2 protein chains.
Amino acid sequence: MNTQSIEQYMDQLGRLARAASRQAATVDSGAKNKALLTAATAIEDQAARLVIENNRDLESGREHGLDAALLDRLELTVARIAGMAEGLRQVAALADPVGEITDMRYMPSGIQVGRMRVPLGVIGIIYESRPNVTADAASLCLKSGNACILRGGSEALHSNLALADCLRQGLEAAGLPETLVQVINTRDRTAVGKLLTMDQYVDVIIPRGGKGLIERVMKESSIPVIKHLHGVCHVYIDDQADIDKAVEIAYNSKTHRYGVCNAMETLLVADSVAGSVLPRLAQRYADAGVELRGCDKTRTILADIKAATDEDWESEYLAPILAIRIVDGIDQAIQHIDQYGSQHTDAIVTEDYSKSRKFLRQVDSSSVLVNASTRFSDGFEYGLGAEIGISTDKLHVRGPVGLEGLTSQKYIVLGDGHIRQ
Amino acid sequence: MNTQSIEQYMDQLGRLARAASRQAATVDSGAKNKALLTAATAIEDQAARLVIENNRDLESGREHGLDAALLDRLELTVARIAGMAEGLRQVAALADPVGEITDMRYMPSGIQVGRMRVPLGVIGIIYESRPNVTADAASLCLKSGNACILRGGSEALHSNLALADCLRQGLEAAGLPETLVQVINTRDRTAVGKLLTMDQYVDVIIPRGGKGLIERVMKESSIPVIKHLHGVCHVYIDDQADIDKAVEIAYNSKTHRYGVCNAMETLLVADSVAGSVLPRLAQRYADAGVELRGCDKTRTILADIKAATDEDWESEYLAPILAIRIVDGIDQAIQHIDQYGSQHTDAIVTEDYSKSRKFLRQVDSSSVLVNASTRFSDGFEYGLGAEIGISTDKLHVRGPVGLEGLTSQKYIVLGDGHIRQ
């Protein structure tokens, strides 16, 4: 397609999505669930075809020299296919947020006022190579009554189109418009630029991927964006910490998984307990193969480790590397988090009541934890049932984004002929 | 100031606002209320000075040929000054939303998860000539724990600076940073452009003014915007309407005040009741001096009125003019609202249960009313205590925006040494 025909093609997707979203906003939960369950079965039944289409992507990826990590993310194994089907069934089992009415109250004028939860409309999702996002994102958008336009990584196009076909079968079986879920069927990057400026058709853009993608979207989009920028997460071990808990939490926060946004990247330790906690932790980290980098004080306790620089304090390693800084106490810890953190997820370990309250109140991050691993900052762990991502924004939704984050609330007013006096 | 020094000046305001916002986020309600009450007294005590400063603006406005309507909006009368002081006291009396914890629940893992309401941070407010917005906006930002940077109309600069000084006296008395409320002290328009792109310091922009201002802000801002675009509000009189209620609601929605965003601009009437309801309404509107413009069918009943064009269906008159269209029934009414409306405020008049439910569910507007005047779509009428505006956006906040709309929620997690398995 040339640029002009891509413009027309995207315009067409937008118009169809807008029309479909109007229908979806008031559709029964039963029909949405039927679509999800049918799509889950289709994914399982057509696993062989999904693998074939995925192999086309993998072969082409190898030809284009994609590295092993990217190829791994691109691959649809049998287990991942089963996982997608299971994910759709989990979303079907969640309560439908649409139409929920809350806060109905009578006002002095006699009118009754409340709020009704409604879909956002059309959601554009831009993501990178993992094709399972196609099923995850589409299912959450559908359940929350939204239409979606999906733009996956160009290297995953065959996989994504095959998955979209399974979703289409679900929509068809449920009598819903097929255009509720549309995958952009071109590798041309101008399609992304067009998507980001179709504000007459698209209500919100959700980018999922690396910092480069997010920054491009922030720069080009004329549509509001729900985004996850990065996670420089901290654990602060207070001077009143239970040392056993501190060791377990700091170890788990770093080593439970390395490549995730809610892994700890910097450990802050109160001066007075550093001597007892750091040697124990250093041993555990050494066994796990975690490289430590410390401030000067830290290196007087752990002599063998590299010096940490300012760059370390700002780094999201996503790797078995940890920066460690010894601080005077809670105030310096909060100040460090404020200066170097990313407002994502930060935890304190303390047995002190007032300090736990202070940390909860003063740390301005999407998740703030007391005596728990940063790895809990997750939609499933928070009981959202599923998540489309974690928002590091402040507006609209902060932290893990589930079905509720894909909806809005309108005011409803019930009267009996009431007029303003 | 030249462009470079304006850049530096704005940068300075931004840095100070960001620092102040950190302090404000965790300040006691008592201190915030003391600041508001002291500022209210200062406004009353210094009314004479406010009038003098306002006169400087009025004289300069007359010299520059401002029209009578603009001069009226610019004027600080004694009654308006008293109104501002009263407004500050009302905001002081509202419950503090900051720190409110909701939805605390234990999860299967044993952690306890909930949400804490937190300020947005720094709010930039851009408004036109009415100086009372300075006091209103600052008070709501302060109470919700936010710092604000205010940019009023350049013709109101002396008035705004004098008001800012009263607010400063309140902040000082309460021991709060004066930089919580800053009025941009230059008429240069490049300051606005700079404000709209200081995303490192400003978390949200709220423009208040005409469509031209809003569109400029939408185009230039790299910061999320909470905006009110326009209000093309409808009343639909259903074939099952109580005709007496219908007449009162349609009359009140149009004539209670003309220049407001929640005034009805188009009346939709079901064919089967048009003959009984329109002549009664036409008489009432004629007495009030409202000009009617109708569709062809309407003009077979009201022979004397002008024909309505497509432009009328899209018009926010803000004036004693009303467009009238006769529709087949509720479906065509909803379709008309969908096509021509502005998703602001729409009402149905009906005694039919199923149609009331259908209208509430299907009309995608920030306020949807049954058997009540569109004029109720207002923060005070909805019990918010005060409003900074009405949002026609879908993201973050929809409809009247009170203190809650100036806040966000972060997740908090309480554990006892919990780690992810």
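**A friendly note on a sheet shared by two chains**

1. A good place to begin is the open sheet of ten strands, which runs in the order β10(A)-β9(A)-β11(A)-β8(A)-β7(A)-β12(A)-β13(A)-β16(B)-β2(B)-β1(B), with mixed pairing. Its edge strands are β10 (306–307) of chain A and β1 (101–106) of chain B, each of which pairs on one side only. Please keep in mind as you read that this is a predicted model.

2. Within the chain A part of that sheet, have a look at β12 (residues 345–349) and β13 (residues 367–372). These two strands of chain A run parallel and are joined by four bridges. If you would like one pair to find on screen, A:I348 has A:V370 in β13(A) as its bridge partner.

3. Strands also pair across the chains elsewhere: β16(A) and β13 (residues 367–372) of chain B are parallel, with five bridges between them. Here A:I412 is a handy residue to pick out, as its bridge partner in β13(B) is B:V368. As general background, strands of a sheet pair through backbone hydrogen bonds, either parallel or antiparallel.

4. Next, the contact between the chains as a whole. In it, 57 residues of chain A meet 57 residues of chain B. On the chain A side, the elements giving two or more residues are β2 (112–119), α10 (243–255), α15 (353–362), β13 and β16 (407–418). Which of them gives the largest share? That is β16(A), with eleven residues. Sorted by class, the side of chain A that touches chain B holds 23 nonpolar, 20 polar and 14 charged residues.

5. It may help to view chain A by domain too. The domain assignment gives domain 1 as 3–227 + 400–413, and domain 2 as 233–376. Between the C-alpha centres of these two domains of chain A there are 36 Å.

6. Finally, turn to chain B and its helix α14 (residues 330–340), where B:I330, B:A333, B:I334 and B:I337 are buried. Viewed down the axis of α14(B), the buried residues fall within an arc of 95°, so they line one face of the helix. On the other side of α14(B), B:D331 and B:Q339 are exposed.

7. What covers the buried residues of α14(B)? The cover includes the chain B strands β7 (233–237), β8 (264–270), β11 (321–327) and β12 (345–349), together with the helix α15 (353–362) of chain B. Try showing these elements alongside B:I330, B:A333, B:I334 and B:I337, the buried residues named above.

Conventions. Residues numbered from 1 in each chain as written. Chains lettered and ligands numbered in written order. Predicted model: local features only at pLDDT ≥ 70, side-chain atom pairs only at ≥ 80, totals over all residues. Buried ≥ 20, exposed ≤ 12 C-beta atoms within 10 Å, placed from the backbone. Arc of directions from axis to C-beta. Contact = placed C-beta atoms within 7 Å. Domains from an automatic or database assignment. Pairing = 2+ DSSP bridges. Nonpolar A, V, L, I, M, F, W, Y, C, P; charged D, E, K, R; others polar.
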